[in-house]
Amino acid sequence: MSTIVAARTGRPFTRPIGLVVYRRLFRAIRSAWPALIAYTVVRALGLASLYLWVQAKGKSFIGILGARSDGSWYMRIAQNGYDAGDPLQSDMAFFPLYPALVALIEPALPFGHHATALAISGMAGLAAAWGLFAVGNHLYGRAAGVFLAAVWGALPHAVVQSMAYTEGLFTALASWSLFALLNRKWMTAGTLCLLAGLTRPTASALIPVVGLAALIAIVRRQDGWRPWAAGILAPLGWLGYLAWVGMRMGRVDGWFHIQSEGWGSYFDGGRHTLETARRILTRPSALEFYMVTLIVLIAITCFLLSIFDHQPWQLLLFSGLMLVTTIGAAGYYHSKARFLLPAFTLLLPIAKALAATQRVKAYVIVGTLAAGSAYFGGYLLLIWPYSP
């Protein structure tokens with residue numbers, strides 16, 4: 001209970017903590033609702049376009065969203081747990097939080113595993129849009145926060161946010177962790193970073209940010225024991241899962257061995273990325289390869305603009321590490337634009353510029369991006385034969 005002194009009587013009276021939390025939540029939603037609506041409209045346009053396309057092709061809308069490529073692996077884990085199976089191309093390459101949520105929630109819903117997974121992805125997308133708004137609003141004002149959420153939902157590979165994939169969930173956890181970090185909410189930042197570490201391997205870009213911020217606060221003797229707790233919590237999810245895979249594999253580098261030998265993904269400093277990009281730009285290639293190359297170049301440009309904008313170092317470090325882990329990894333060139341989806345901080349210069357633009361012009365730009373995203377989402381799932 002929280003105690004407040006009455007204005008007239010001078011006697012304390014109590015107000016239920018639940019009521020305080022409710023009022024704070026109401027104020028937060030009242031502030032963020034334009035971003036949530038904008039994101040929902042953009043994604044609804046993409047899904048409506050995809051539904052019509054899927055119907056014309058005679059395919060299953062739920063099936064193509066819930067069981068495509070990585071989604072089929074997550075569904076298998078949710079239904080049966082991890083199976084040793086192939087010692088190299090193992091399902092242990094996939095981190096556990098998302099399939100664990102599906103397995104936990106599915107019995108309480110009448111939808112089945114695939115629809116439950118899509119519902120979780122949808123809710124995670126909204127939570128991510130809210131987190132993006134919070135960061136954008138904190139730095140550049142409400143309009144920038146709204147446009148940040150809308151543009152993220154209108155990216156070429158944004159259809160993944162509505163699939164049985166983990167990019168949406170990871171983005172939600174990362175955005176709120178960074179927002180908490182900017183506001184020195186150490187326990188929230190550390191806990192969310194822990195959960196992000198159980199969601200995707202790219203938590204390796206978030207953990208150093210939380211850890212370094214905690215170390216700086218400790219050296220400056222700020223906020224007591226809380227930075228210590230955040231620094232300890234942040235890597236536990238990521239390290240814990242890697243340790244578990246290592247024990248299952250009987251080798252310390254078990255997860256990295258699976259990635260390298262089974263899935264052909266390893267860190268080579270960007271050599272594979274540069275060689276592939278050179279081939280794409282010097283001979284005819286598929287639309288997906290051109291789009292990925294363009295997005296990588298735009299991402300690098302946005303990172304430079306972020307530096308010139310003097311973004312908080314926490315966001316710059318997260319963006320830089322996301323770029324390094326994506327560009328520096330060999331294999332899966334066609335998925336690198338998807339891997340960059342959680343790097344929402346790279347979109348801040350675009351959101352800031354849109355917020356400063358005449359509203360009609362900004363709406364036309366976002367609408368055009370949304371229409372392009374709607375088409376490209378259908379292309380990825382109905383024309384492109386591989387993982388988006």
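This passage walks through the pockets, aromatic pairs, helices and unusual backbone angles of a predicted model.

Since the model is predicted, local features need pLDDT of at least 70 and side-chain atom pairs count only at pLDDT 80 or more, while totals for chains, interfaces and linings use all residues. Residues are numbered from 1 along each chain as its sequence is written, and side-chain values use heavy atoms, with hydrogens and water left out.

Open and closed spaces come first. Both kinds are found on a 1 Å grid over the protein atoms alone: a cavity is a set of points where a 1.4 Å probe fits but cannot get out, a pocket is an open set with protein on both sides within 12 Å along at least five of seven lines, and lining residues have an atom within 4 Å of a point. Grid points are joined across faces, edges and corners, and a volume is the space filled by probe spheres set on the points. The largest pocket comes out at about 830 Å³. Its lining takes in 33 residues, and those nearest the centre are Pro201, Trp255, Gln259, Ser265 and Phe339. Two or more lining residues come from each of helix H3 (70-80), helix H12 (254-262), strand S3 (266-267), helix H15 (313-327), strand S4 (329-330) and helix H16 (336-339). Helices (H or I, at least four residues) and strands (E, at least two) are DSSP runs, numbered from the N terminus. H12 gives the largest share of this lining, with four residues. By class, there are 16 nonpolar, 13 polar and four charged residues around the pocket. Here Ala, Val, Leu, Ile, Met, Phe, Trp, Tyr, Cys and Pro are nonpolar, Asp, Glu, Lys and Arg are charged, and the others, Gly among them, are polar.

As for closed spaces, there is one cavity of 30 Å³ or more, and the largest cavity has a volume of about 40 Å³. Arg43, Gly46, Leu47, Leu50, Val159, Ser373, Ala374, Gly377 and Gly378 make up its lining. Helix H1 (17-57) and helix H18 (359-382) are the elements that supply two or more of these residues. That lining splits into four nonpolar, four polar and one charged residue.

Next come the aromatic rings. A pair of aromatic rings is described by the distance of the centres and the angle of the planes. Rings of Phe, Tyr and Trp (its six-membered ring) pair if their centres lie within 6.5 Å; planes under 30 degrees apart are stacked, over 60 edge-to-face and the rest tilted. The structure has 23 such pairs. In one of them, Tyr39 and Trp152 have ring centres 5.7 Å apart and planes at 20 degrees, so they are stacked. Tyr39 sits in helix H1 and Trp152 in helix H6 (residues 142-153), so this pair ties together parts that are 113 residues apart in sequence. Tyr39 is buried at 4% relative accessibility, and Trp152 is buried at 0%. Buried means under 20% relative accessible area, exposed over 50%, and partly exposed in between (1.4 Å probe, protein chains only).

Trp255 and Phe256 make an edge-to-face pair, because their ring centres are 5.2 Å apart and their planes are at 85 degrees. Trp255 is buried at 7% relative accessibility, whereas Phe256 is partly exposed at 44%. Both rings belong to one aromatic cluster with Tyr82, Phe95, Tyr241 and Trp244. Elsewhere, Arg76 lies over the face of Trp73, 4.6 Å from the ring centre. A charge sits over a ring if NZ of Lys or CZ of Arg is within 6 Å of the ring centre and within 35 degrees of the ring normal.

Then there are the helices. The expected span of a helix is 1.5 Å times one less than its number of residues. Helix H5 (residues 113-140) has 28 residues and should span 40 Å, and its end C-alpha atoms are indeed 40 Å apart. Helix H7 (residues 167-182), with 16 residues, reaches 22 Å, close to the 22 Å expected. Of the 16 residues in H7, 14 are buried, so the rest of the structure largely encloses this helix.

Some backbone angles also stand out. Most residues other than glycine have a negative phi. Arg184, not a glycine, has a positive phi of about 60 degrees. Arg184 lies in the loop between H7 and helix H8 (186-197) and is partly exposed at 43% relative accessibility. Arg221 likewise has a positive phi of about 60 degrees. Arg221 is in the loop between helix H9 (207-219) and helix H10 (226-233) and is exposed at 78%.
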